[in-house]
Amino acid sequence: MPFIPIADVKAEALKSRTAELSCASLGGHVLSFSDEWFAEATNLIKPGPAESLEGQFGPNGALYDGWETRRHNPTYDWVILRLGPNGGSYIAGFDVDTSTFNGNEAPTVEIYGANTEDASLASDDQRWELLLPQTPCGPAAHHWFEQDDGQVTSKSYTHIKLHMIPDGGISRFRVFGTVNTPSVGHAVSEVTADDKPELNTLDLAHVLNGGRVVFTNDQHFGVGSNLILPGRGKDMGDGWETKRSRVPNHRDWVVIELAEPGVLDRIEVDTLHFLGNFPESFQLCGCDYSGKDLVPPAHDELESKQWHPIVSRSKLGPGRIHAFDVLDDAKKRVTTHVRLTIFPDGGIKRLRVIGRRVRALQKAGIDISSASALAALPACALPSTTSTQPVIREADELSPQSFAAYGQVLFVPDAETIPPGGVKTVNQGTAKKYCELAHVVNAYPSSENINTNIHVYVSTPRAPRTSLLPFPVSVLERHQYTTQLFFPISSPNGARASGQEGYLVIVALPGNDGQPDLQTLKAFWTESDQGISYHPGVWHHPLVATGTTPTSFVCVVNECASQPKLDLDEVFYH
């Protein structure tokens with residue numbers, strides 16, 4: 001069936017029931033392109049809406065948050081995308097977004113698809129199939145297209161080629177659809193039962209395992225399909241968030257079709273980045289539904305279905321993962337769909353539904369119609385993530401060697417110290433210069449509006465060093481694009497000799513999902529004449545001053561003047 005234009009209101013349904021297959025958050029990436037003179041092709045698949053860079057200029061001209069090529073192309077420009085999921089995906093629709101281009105937008109587009117594992121797929125390869133014929137585009141607008149039967153393509157695709165005819169700019173290009181899962185479980189690591197592969201568990205709701213959102217009653221600030229994305233994301237924009245309710249006893253809900261029927265064991269609800277707008281509580285229910293689609297029009301009809309409770313109504317907190325055992329009765333049932341209900345409204349980052357696949361159990365000879373057989377299945381291992389608050393119970397003495405993975409150490413060198421940059425005699429022989437104790441790193445994507453700033457922090461002491469530990473960690477923060485240097489500039493006389501002044505440094509390295517890897521959490525005792533510089537991306541607790549009087553620090557950091565919080569991520573623990 002051909003792709004046809006659809007209205008924005010229908011696009012909301014397309015977004016809520018499908019995955020954004022091209023997005024970098026799902027592993028989509030740009031393989032090749034014909035030209036990107038003014039703006040990079042990788043901008044096409046960035047999460048979130050395109051931002052206006054009006055009035056900002058680079059060496060090649062005006063800056064745009066999108067893909068823009070040179071003028072006067074006699075034919076067309078093109079870009080080839082590798083969709084995120086392995087094994088191919090079925091295409092439901094496209095969004096060609098020119099929202100930041102007006103007068104230099106792409107006049108016409110054309111879209112092709114291919115299914116191959118050939119990493120060197122060329123633009124003129126004979127395997128490209130036409131999906132959307134030449135279609136005009138306008139300035140500063142979303143152009144939505146979907147299969148005219150409202151379904152997905154009968155074939156799956158791994159690659160998409162976008163033609164921009166003849167040249168111009170496109171802000172974002174989004175490909176929507178469902179994941180082809182010939183072997184469910186390849187995308188997310190399973191919790192393995194010893195020598196019994198039929199008991200392996202995985203996240204049955206995960207988009208890369210074939211889970212999909214089929215209904216959401218409200219997605220004012222964030223779409224429901226974000227709940228089943230990989231990782232923990234970067235901000236509130238890639239979670240599910242509803243508008244504020246003004247009606248007593250309000251609730252919002254989302255229905256997820258699992259990758260395949262399962263017997264559930266554990267649930268994770270993640271409220272990362274939702275700190276003042278997380279739901280008061282939630283409830284999870286499930287059903288065994290044999291129909292093709294479950295898209296109820298109203299909550300009353302949902303209540304009329306044979307839903308069984310999976311997790312009873314439970315409190316939620318800000319910025320953390322909440323892990324729950326499935327109710328005993330739910331462990332004896334087969335579940336095909338889950339319904340997440342939040343009270344009264346708010347935002348949730350991710351939902352993980354951990355269970356065993358019915359087909360695998362049947363293949364192993366387990367009778368899934370027997371409640372006693374299902375109840376006898378062993379509990380799966382705890383999820384790899386936890387909401388437990390980390391506690392610092394011991395700390396190492398700070399040295400350049402012990403701190404090397406996390407940053408650099410600054411200190412007043414002695415006569416035997418040779419810093420990385422060497423020692424020079426300067427100022428007409430009146431001073432020694434100890435060179436390059438640390439580097440100031442600016443790794444922002446663009447140098448526009450980035451300033452190297454110097455601040456002074458005055459830190460109130462928490463306690464004397466001898467009574468500070470154990471110390472509960474309530475928050476970790478990071479700055480992905482910059483070093484952050486702290487050096488104490490005031491402390492009482494004899495502070496180092498007393499052993500009570502100085503400060504405690506707490507650090508952790510990022511894990512594979514970018515979040516703090518608590519296995520690398522470490523603490524260091526730092527003297528009042530030592531400074532530290534965090535590497536970009538290293539998670540750290542705010543400096544913990546010790547002793548009896550405040551400690552003042554000079555701080556050197558790169559910051560974005562137009563977006564002060566661009567380079568600040570925080571994780572809270574309770």
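Where is R232 found? Here are some notes to help you find your way around; please keep in mind that this is a predicted model.

1. **R232 and its surroundings.** R232 is found in the loop between β17 and β18. Its relative accessible area is 11%, and because buried means under 20%, R232 counts as buried. The side chain of R232 is joined to that of D270 by a polar contact of 2.7 Å. Leaving aside residues up to four places away in sequence, R232 touches D270, L272, H273, R320, I321, K349, R350, D513 and Q515. Two of these names, D270 and K349, are worth remembering as you read on.

2. **K349 and D238.** K349, one of the residues touched by R232, forms a salt bridge with D238, and the closest N and O atoms of that pair are 3.1 Å apart. D238 lies in the loop between β17 (212–216) and β18 (240–241), while K349 lies in the loop between β24 (347–348) and β25 (350–357), so the salt bridge ties together parts that are 111 residues apart in sequence. Both ends are tucked away from the surface probe: D238 counts as buried at 8% relative accessibility, and K349 is buried with a relative accessible area of 0%.

3. **R266 and D325.** Here is another salt bridge to look up: R266 pairs with D325, with the closest N and O atoms 2.3 Å apart. This pair links distant parts of the chain, as R266 sits in strand β19 (residues 252–270) and D325 in strand β22 (residues 321–325), 59 residues apart. Is each partner buried or partly exposed? R266 counts as buried, at 8% relative accessibility, whereas D325 is partly exposed, with a relative accessible area of 47%.

4. **R172, D65 and a small network.** How many salt bridges does the structure hold? There are 21, and one of them brings together the side chains of R172 and D65, at 2.9 Å from N to O. R172 belongs to strand β15 (residues 172–179), and D65 to the loop between β5 (61–62) and β6 (67–68); the two are 107 residues apart and link distant parts of the chain. R172 and D65 are both buried. K46 also comes into the picture: salt bridges that share partners join K46, D65 and R172 into one network.

5. **Y112 in strand β9.** Turn next to Y112, which lies in strand β9 (residues 108–114). With a relative accessible area of 16%, Y112 is buried. Its side chain makes a polar contact of 3.2 Å with the side chain of E110. Which residues farther than four places away in sequence does Y112 touch? They are W128, E129, L130, L131, H159, I160, K161 and H163. For a sense of distance, the C-alpha atoms of Y112 and I80 are separated by 9.3 Å, with their positions 32 residues apart along the chain.

6. **Strand β33, covered on both faces.** In a regular strand, side chains alternate between the two faces of the sheet. Strand β33 (residues 475–478) is a good place to look at this: V475 and E477 are on one side, L476 and R478 on the other, and all of them are buried, so both faces are covered. Strand β33 is joined to strand β41 (residues 569–572) by 4 bridges, and these strands run antiparallel. Within this pairing, V475 stands opposite F572 in β41.

Note on methods:
Residues are numbered from 1 along each chain as its sequence is written. This is a predicted model: local features need pLDDT of at least 70, side-chain atom pairs count only at pLDDT 80 or more; totals for chains, interfaces and linings use all residues. Side-chain values use heavy atoms; hydrogens and water are left out. Buried means under 20% relative accessible area, exposed over 50%, partly exposed in between (1.4 Å probe, protein chains only). Contact means heavy atoms within 4.5 Å. A polar contact is a pair of N or O atoms within 3.5 Å; within protein, one must be able to donate a hydrogen and the other to accept it, and residues adjacent in sequence count only if both atoms are side-chain atoms. A salt bridge is a side-chain nitrogen of Lys or Arg within 4 Å of a carboxyl oxygen of Asp or Glu. Two strands pair if DSSP finds at least two bridges between them.
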